[in-house]
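Here are some exercises to work through with the model open in your viewer. Try each task before you read its solution.

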Amino acid sequence: DDPRGLKDFYKDYFSIGVAVGKRNLAGEEAMLIKKQFNSVTAENDMKMEMMQPVEGRFNWSTADSIVSFAMKNNIKVRGHNLCWHEQAPSWFFVDKDGKQVSKEVLLQRLKSHIDAVVGRYKGNIYAWDVVNEAIDDDSTKYLRDSKWYQICGEDFIIKAFEYAHAADPDAKLYYNDYNTERPEKRERLYKLLKSLKEKGVPIDGVGLQAHWSIYEPTENELVTAIEKYSSLGLKIQFTELDISVYPWEKFKRARGANEPDEFTPALEAQQMAKYKMVFDVFRRYKNVITNVTFWNISDRRTWLDSYPVAGRKNYPLLFDAQFKPKKAYWEVINFK
Ligand code: XIL
């Protein structure tokens, strides 16, 4: 058995991460994490609702156990995330009578949250996704019409970065989003990042989630996105990589409704080619890419088994359900 893992093959390029929960930190999965990865992200345990489900009551224990596992094993931690419209507890947005709070109150709550969370892991979390998914899915609109936006306008984005920077001036701060290689999203994300840079907002980089599929992105779309964002002087991290064997469009199945969800040789070949292409591109841009993180460990359990449709098995990762490297793994590590 080769003692080397992904992190060793990529040591001259960028760190290689994986999204984890507490359940993954023991047994076979823990061994796989230690062998293959040198960065972890909490899949859910550092999100707003997990950290502060009730105002002023912080839940540290699960997040702490992820950070201490990482530190003990010489693994870096990416923080995910400080401000998002999903998995944000509803108390943030209303007062005791259920009335929507003012912008001042909401920003104050955001500041206390960020102070507490970033402050607790100061020095131990090297990069944070500060704001997640603020751009609208509708290509005719710019920012998403979330509670954050309704109450604060664009300022919540700026303030979140300022609060995070004040809480840990050494942490690298990222804006994170998905579908960032699609032209209509790319232009709007570029516009947002450019305006943050022009305003002097303390942003270090952009997190491209990379929830991809065997159908997208194309090499040209990927290269164009990397060049465009990095032209602003920003670093790039691929924060949530997986390559679905289904089209991304919601509620669509790749095969007919009655066909089994098998990982066929044809799907496997397409996935191998996509993994090879994206890592070939990543290596060419090692000066701007500082991390690539997979969203889940293996095909035994991936969030895509239940998203966007439940009850459909997906096979998006480099390790199979028995934790063995898939053919795509060799495509990723065999390079000169
Ligand atoms: C997902 C988790 O993987 C799921 O377990 C959870 O139910 C929902 O969130 N974009 C993100 C991640 O930024 O936080 C999401 O993670 C996947 C999409």
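**Exercise 1. Work out how enclosed strand β1 is, and which strands it pairs with.**

Step 1: 6 of the 6 residues of strand β1 (residues 15–20) are buried, so the rest of the structure largely encloses this strand. Here a residue is buried if 20 or more other C-beta atoms, placed from the backbone, lie within 10 Å of its own, exposed if 12 or fewer, and partly exposed in between. Helices (H or I, at least four residues) and strands (E, at least two) are DSSP runs, numbered from the N terminus.

Before going on, a word on the model. It is predicted: local features need pLDDT of at least 70, side-chain atom pairs count only at pLDDT 80 or more, and totals for chains, interfaces and linings use all residues. Residues are numbered from 1 along each chain as its sequence is written.

Step 2: In a regular strand, side chains alternate between the two faces of the sheet. In β1, Ser-15, Gly-17 and Ala-19 point one way, while Ile-16, Val-18 and Val-20 point the other way, and all are buried.

Step 3: Strands pair if DSSP finds at least two bridges between them. β1 runs parallel to strand β9 (residues 289–294), joined by 4 bridges, and Ser-15 has Asn-291 as its bridge partner there. Strand β2 (residues 39–42) also pairs with β1 in the parallel sense, over 4 bridges; Gly-17 is partnered by Ser-39.

**Exercise 2. Describe the surroundings of Glu-240.**

Step 1: Glu-240 lies in strand β8 (residues 235–244) and counts as buried because it has 24 C-beta neighbours inside 10 Å.

Step 2: Contact means C-beta atoms, placed from the backbone, within 7 Å. Leaving aside neighbours within four places in sequence, the contacts of Glu-240 include Ala-19, Gln-209 and Trp-295.

Step 3: An unreviewed UniProt entry places the feature "active site" at Glu-240; such annotations may be inferred rather than shown by experiment.

Step 4: Glu-240 is also one of the residues surrounding the ligand, together with Glu-43, Asn-44, Asn-132, Gln-209 and Trp-303.

**Exercise 3. Locate Asp-177 and list its contacts.**

Step 1: Strand β5 (residues 172–177) contains Asp-177.

Step 2: Asp-177 is buried, with 23 other C-beta atoms within 10 Å.

Step 3: Apart from neighbours within four places in sequence, Asp-177 is in contact with Glu-133, Ile-135, Leu-189 and Gln-209.

Step 4: Asp-177 and Asp-138 are 39 residues apart in sequence and 14 Å apart in space, C-alpha to C-alpha.

Conventions:
A residue is near a molecule or strand if its C-beta atom, placed from the backbone, lies within 6 Å of it. Two residues are in contact if their C-beta atoms, placed from the backbone, lie within 7 Å.
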